[in-house]
Amino acid sequence: MAETAPSRASIARDYGSDVHEAVELWLKHETFGEPEPFIAERLYGASKAIVDWLHQNEWEILDVETSVYHPELLYAGTADCVAQRGGNIAIFDWKTGGGVYNGAALQVAAYGMAYAELTGQPVEQGWIIRSNPSGLEVLQVGNYDDAKTMFRRLLEVRDMWDGFEWIHHLDMEEN
């Protein structure tokens with residue numbers, strides 16, 4: 001029986017998952033004394049670039065791959081990294097694809113809001129770090145408070161949409 005060749009999307013997805021895992025292992029090893037990770041050669045450059053950037057910019061790692069949940073707004077996710085510098089807590093998200101989309105700012109804002117709700121510690125910044133064989137791109141969400149507001153408003157619109165009873169609001173003619 002012939003096997004199906006992997007698609008470009010599945011290769012990219014798998015690479016992204018593998019880089020996430022490599023960075024997680026690396027940071028947990030350095031921060032929490034976990035067993036020394038083995039990083040595959042194909043992942044070494046991308047994962048090392050993220051770890052090196054965090055060190056060079058003096059971020060103190062608080063947590064890695066931490067599950068967050070917002071009890072009031074009812075959403076959950078996994079923040080790739082929570083770190084602090086100069087008393088300011090930040091949420092980080094790793095990306096490995098060809099670009100960073102606008103939704104990434106909303107994603108880190110949502111994770112930051114949930115983390116703050118769970119811990120009582122305010123999150124002041126969101127960062128997206130894209131690392132792949134082509135290089136490293138580091139983006140700070142410059143309008144972090146606006147991103148939090150936008151995420152809340154999008155949730156409100158979603159809730160309104162889900163609650164709208166479409167069938168009762170359509171003028172339908174009988175045939």
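Here a biologist and a modeller talk through a predicted model, with questions about why its features carry the names they do.

Biologist: Let's start with charges. What makes Arg42 and Asp18 a salt bridge?

Modeller: Their closest N and O atoms are 2.2 Å apart. The cut-off is 4 Å between a side-chain nitrogen of Lys or Arg and a carboxyl oxygen of Asp or Glu, so this pair qualifies. A search of the whole structure finds eight salt bridges.

Biologist: Which parts of the chain does the pair of Arg42 and Asp18 tie together?

Modeller: Arg42 belongs to helix α2 (residues 41-56) and Asp18 to helix α1 (residues 8-32), so the link joins parts 24 residues apart in sequence.

Biologist: And what makes Glu24 and Lys28 a salt bridge?

Modeller: The N to O distance there is 2.9 Å, and the limit is 4 Å, so the pair counts. Both residues sit in helix α1, four residues apart, which puts about one helical turn between them.

Biologist: Lys95 and Asp93 also meet in a salt bridge, at 2.7 Å. Why is Asp93 called buried?

Modeller: Asp93 has 3% relative accessibility. Buried means under 20%, so Asp93 earns the label. Lys95 has 22% and counts as partly exposed, because that class runs between the 20% and 50% limits.

Biologist: Good, now the helices. How do you know that α3 is roughly perpendicular to α4?

Modeller: The axes of α3 (residues 103-119) and α4 (residues 144-163) cross at roughly 85 degrees and come within 8 Å. Angles of 65 to 115 degrees count as roughly perpendicular, so the term fits α3 and α4. Residues making this contact include Leu106, Val108 and Met113 of α3, and Tyr144, Phe151 and Leu154 of α4. By class, the contact has eleven nonpolar, one polar and two charged residues.

Biologist: What about the sheet: what makes β1 and β5 edge strands?

Modeller: The five strands form an open sheet in the order β1-β2-β3-β4-β5, with mixed pairing. β1 (60-70) and β5 (135-140) each have a single partner strand, so one side of each is left without a neighbour in the sheet. From one strand to the next, the twist averages 30 degrees.

Biologist: How do you know that β1 and β2 pair?

Modeller: They share nine bridges, in the antiparallel sense. The requirement is at least two bridges, so β1 and β2 count as paired. Within β1 and β2, Asp63 stands opposite Val82.

Biologist: Which helices lie across the sheet strands?

Modeller: α2 lies across β1, β3, β4 and β5, running at about 150 degrees to β4. α4 lies across β1, β2 and β4, at about 90 degrees to β4.

Biologist: One last topic, the backbone. What makes the phi of Glu58 worth a remark?

Modeller: Most residues other than glycine have a negative phi. Glu58 has a phi near 60 degrees, a positive value in a residue other than glycine. Its place is the loop between α2 and β1. Glu65, in strand β1, also has a positive phi, of about 50 degrees.

Biologist: And why is Glu58 called exposed, while Glu65 is called partly exposed?

Modeller: Glu58 has 64% relative accessibility, and exposed means over 50%, so the label holds. Glu65 has a relative accessible area of 23%, and values between 20% and 50% count as partly exposed, so Glu65 takes that label.

Terms used
Residues numbered from 1 in each chain as written. Predicted model: local features only at pLDDT ≥ 70, side-chain atom pairs only at ≥ 80, totals over all residues. Heavy atoms only, no water. Buried < 20%, exposed > 50% of the residue type's maximum accessible area, 1.4 Å probe, protein only. Axes fitted to C-alpha atoms, helices over the stretch in contact; angles between N-to-C directions. Parallel < 35°, antiparallel > 145°, perpendicular 65-115°, else oblique. Contact = heavy atoms within 4.5 Å. Nonpolar A, V, L, I, M, F, W, Y, C, P; charged D, E, K, R; others polar.
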